[in-house]
Amino acid sequence: MVSGDLFVQGNAFLGEEFELSSVTIVVSNGKITAVEEECDRHGPWICPAFFNAHTHVGDTVAMDLPVSGTLEELVTPPDGLKHRILARTPRDRLIEGMRASIRTMYETGTAGFADFREGGPEGIMSLMDAAEGIPCSPVLFGRDGGEKHGRGLGISGARDVPDIDEKVQQARAMGKQIAFHAGERDSLDIDQAISYDPDMLIHCTHATRPQLAECAEREIPIVICPRSNWRLGVTSSPEHPPVSLMYEVGCTVLLGTDNVMFVQPDMWQEMAFMSAVYRSAPRDILRSAVGGSSVFGEEFLIKKGNPARFFIIDPHISNMRFSHDPCKTVVNRAGAVNIVKKVFSS
Ligand SMILES: [Zn+2]
């Protein structure tokens, strides 16, 4: 124990199981160095920070434009509305938009996010500039050469992109990860995406049981973006995405908010929506909202040895002190307004 250590006492959602336990968490040099058991159950709730596993922060500048159209007309490259707007927006304005969205994520309890970034190497660089100094770390999937400068290659869809074999091969040769949008409109592009043995699939809104079983077998995490799916009209039923089936066959399910153009990058809203529409268990939802951090190698779970990335909610200053199930309450009801302190080490 040295001066400068931080001691945080309360009821923490600990480890992989998010088991609520009365503890003191000791943080030294940005790391959790001890989690000591206590018996006072009256303290605040301590929750691991969220990881937003799929965003497009670049399209913040197109927020809530009064548009209508199909998925292709709106967001499919190279000529979807979004891509036309990005191409004609000055760099400074794009960066200002991305920075505002990253700050919003930080303020709402998110300490990391995985973004599909358009615009080649320049797109990746401008997002890195936008994120500078905010304790919410980006994991970037680029395209058109941007993959060289980020974590990997983000493919907008197996049927939208020519020369996939070559692109995947080149990215793999550079040691990069591969992620695909798949199954957003229908199930027809999922098998092809799986055939590349990707590190992650986004959406799987219309995935079939055998496709999900294959993802579980190959340990390919699936990022679902429920609010985006509903807003873009690719689902109108709790059967799509088949969230219960994903859990049943053993998939790793992560939560993302997708295009800032249509959906606020706020994991509280995404969790509450998932809970209301898909009726998943609160612990599964919380695991999906935090789990991207483990998949991308910077685990936010509250346990000894991990970086300190958690926040504190004080139920005693709101009606949440009446809760009989803090995990359910956190998932269904809490929001940024309930966060009294963030401990996000960089
Ligand atoms: Zn997307």
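Two strands count as paired if DSSP finds at least two bridges between them. Helices (H or I, at least four residues) and strands (E, at least two) are themselves DSSP runs, numbered from the N terminus. With that in hand, look at strand 6, where the bridge partner of Phe51 is Gly112. Before we go on, a word about the model. It is predicted, so local features need pLDDT of at least 70 and side-chain atom pairs count only at pLDDT 80 or more, while totals for chains, interfaces and linings use all residues. Residues are numbered from 1 along each chain as its sequence is written.

Let us stay with strand 6 a little longer. Strand 5 (residues 50-56) is joined to strand 6 by four bridges, and the two run parallel. Strand 6 also pairs in the parallel sense with strand 7 (residues 137-142), this time over five bridges. Within that second pairing, Phe113 stands opposite Pro138 of strand 7. Is strand 6 (residues 110-116) largely enclosed or left open? Seven of its seven residues are buried, so the rest of the structure largely encloses this strand. Here a residue is called buried if 20 or more other C-beta atoms lie within 10 Å of its own, exposed if 12 or fewer, and partly exposed in between, with C-beta atoms placed from the backbone.

Now step back to the whole chain. The domain assignment gives domain 1 (6-49 + 300-344) and domain 2 (50-295); such bounds come from an automatic or database domain assignment. The C-alpha centres of the two domains lie 28 Å apart. Where they meet, 18 residues of domain 1 are in contact with 20 residues of domain 2, contact meaning that the C-beta atoms of two residues, placed from the backbone, lie within 7 Å. On the domain 1 side, strand 14 (309-313), helix 13 (326-332) and strand 15 each supply at least two of the touching residues. Helix 13 gives the largest share, five residues. By class, this side of domain 1 has 14 nonpolar, two polar and two charged residues. In this scheme Ala, Val, Leu, Ile, Met, Phe, Trp, Tyr, Cys and Pro count as nonpolar, Asp, Glu, Lys and Arg as charged, and the others, Gly among them, as polar.

Next, find the open sheet of six strands. Its order is 3-2-1-4-14-15, and the pairing is mixed. Strand 3 (31-37) and strand 15 (339-344) stand at the edges with a single partner strand each, so one side of each has no neighbour in the sheet. From one strand to the next, the twist averages 40°. Inside this sheet, strand 1 (residues 6-14) and strand 2 (residues 19-28) run antiparallel and are joined by nine bridges. One place to see this is Gln9, which stands opposite Thr24 in strand 2.

The loop between strand 1 and strand 2 holds Phe18. Its phi is near 55°, a positive value in a residue other than glycine. With 22 other C-beta atoms within 10 Å, Phe18 is buried. At the edge of the sheet, strand 15 contains Lys341. Lys341 has 12 C-beta neighbours inside 10 Å and therefore counts as exposed. Leaving aside residues up to four places away in sequence, Lys341 touches Phe311 and Ile312.

Let us finish in domain 2, with a pair of helices. The axes of helix 10 (residues 267-278) and helix 11 (residues 282-290) come within 10 Å and cross at roughly 145°. These axes are lines fitted to C-alpha atoms, for helices over the stretch in contact, and angles run from 0 to 180 degrees between N-to-C directions. Met267, Met271, Met274 and Ser275 of helix 10 meet Pro282, Ile285 and Ala289 of helix 11. By class, this contact has six nonpolar, one polar and no charged residues.

Two loops are also worth a visit. Pro241 lies between helix 8 (226-231) and helix 9 (243-249), and the peptide bond from His240 to Pro241 is cis, with omega near -5°. Asp144 sits in the loop between strand 7 and strand 8 (152-155). The phi of Asp144 is near 50°, a positive value in a residue other than glycine. Asp144 is partly exposed, with 15 other C-beta atoms within 10 Å.
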